[in-house]
Amino acid sequence: MQRKLLIIFSFLVMIVLNYGIYQKEQILAHGETLLIELAPVDPRSLLQGDYMALDYAIARKASSLPLTSSQQRGYIVIKSDNNKVAQFVRFYNGEPLTDNEKLLRFHRRYNQINIVPDSFLFQEGHAKYYENAKYGVFKFTDKSRLLVGLADDDRKIITPSE
């Protein structure tokens, strides 16, 4: 009996994991690309490991605006400009979005707005390629978003070369 439960449980875990992978692949394949400008980050974070700590210019702009103390989490409405760079529009309060608007989840910590993901992981030894990253490259669908890379000043995705 325990063996059957173990097989059934393992099968359910595999279904959930594969469905999560399928969802990410669908975002990569069909999501709308949008760049989000990075705010300067502490370069020491780059050297601490094989990741880069990210901060976004949109988060800094949103942090400067008034927000009620009860809003610890929520969404920011963003809109792309002609260069596909996201611009802050407003905090989301449930109103309908226009065609070009997207939602970006945030949480507030110590009166600062944080947007997740706040780090970008990369292969060991590739830090030099990402040091001058200017934008986070996201893929958006109606319900999800995914950080897929970093881009340079020319808005081109940085691809490390060996």
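Begin by selecting Phe91, which is buried, with a relative accessible area of 11%. The model on screen is a predicted one, and this residue serves as the starting point of the tour.

**Stop 1: the Phe88 and Phe91 rings**

Add Phe88 to the selection. Phe88 is buried as well, its relative accessible area being 13%. Display both rings and compare their planes: the planes stand at 75° and the ring centres lie 5.6 Å apart, so the pair is edge-to-face. The threshold behind that label is an angle of over 60 degrees between planes.

**Stop 2: the whole chain**

Zoom out and colour by secondary structure. The protein contains four helices and nine strands. Traced from the N terminus, the order of elements is α-β-α-β-α-β-β-β-β-β-α-β-β. The C-alpha trace spans about 60 × 45 × 35 Å along its principal axes.

With a surface displayed, the protein exposes about 11100 Å², of which carbon and sulfur atoms supply 53%. Of the 162 residues, 31% are buried. Contacts between residues at least 6 apart in sequence may be examined next: 59% of them join residues at least 24 apart.

Now colour the charged side chains. There are 21 positive and 18 negative ones, and the centres of the two sets are 8 Å apart.

**Stop 3: further aromatic pairs**

Select the aromatic residues; the structure holds nine aromatic pairs. Among them is Tyr75 with Tyr92: the ring centres are 6.4 Å apart and the planes meet at 90°, so this pair is edge-to-face. Where in the chain do Tyr75 and Tyr92 lie? Tyr75 belongs to strand E3 (residues 73-80), while Tyr92 sits in the loop between strand E4 (86-91) and strand E5 (101-109). The two are 17 residues apart, and their pairing links distant parts of the chain.

Are these two tyrosines buried or exposed? Neither label applies: Tyr75 counts as partly exposed because its relative accessibility is 30%, and Tyr92 counts as partly exposed at 26%. The buried class ends at 20% relative accessible area.

Then select Tyr56, Phe138 and Phe140 together. Ring pairs link these three residues into a cluster.

**Stop 4: Ser80**

Return to strand E3 and select Ser80, which lies in that strand. Ser80 is buried, with a relative accessible area of 14%. Which side chain does the side chain of Ser80 meet in a polar contact? The partner is the side chain of Asn100, at 3.3 Å. Show the surrounding residues as sticks: leaving aside residues up to four places away in sequence, Ser80 touches Leu34, Val85, Ala86 and Asn100.

**Stop 5: Glu101**

Finish on strand E5, where Glu101 is found. Although this side chain is among those counted as negative, Glu101 is buried, at a relative accessible area of 8%. Two polar contacts of its side chain can be drawn as dashed lines. One runs to the side chain of Arg90, at 3.0 Å. Another runs from the Glu101 side chain to the backbone nitrogen of Thr98, at 3.1 Å.

To complete the view, display the neighbours of Glu101. Residues up to four places away in sequence aside, Glu101 touches Val77, Ile78, Lys79, Val89 and Arg90. Arg90 thus appears both in this set of touching residues and as a polar partner of the Glu101 side chain.

Key:
Residues numbered from 1 in each chain as written. Predicted model: local features only at pLDDT ≥ 70, side-chain atom pairs only at ≥ 80, totals over all residues. Heavy atoms only, no water. Buried < 20%, exposed > 50% of the residue type's maximum accessible area, 1.4 Å probe, protein only. Contact = heavy atoms within 4.5 Å. Areas by Shrake-Rupley, 256 points an atom, 1.4 Å probe, with all protein chains shown as cover. Charge placed at Lys NZ, Arg CZ, Asp CG, Glu CD. Phe/Tyr/Trp six-rings, centres within 6.5 Å; stacked < 30°, edge-to-face > 60°. Polar contact = N/O pair within 3.5 Å; in protein donor to acceptor, adjacent residues only side chain to side chain.
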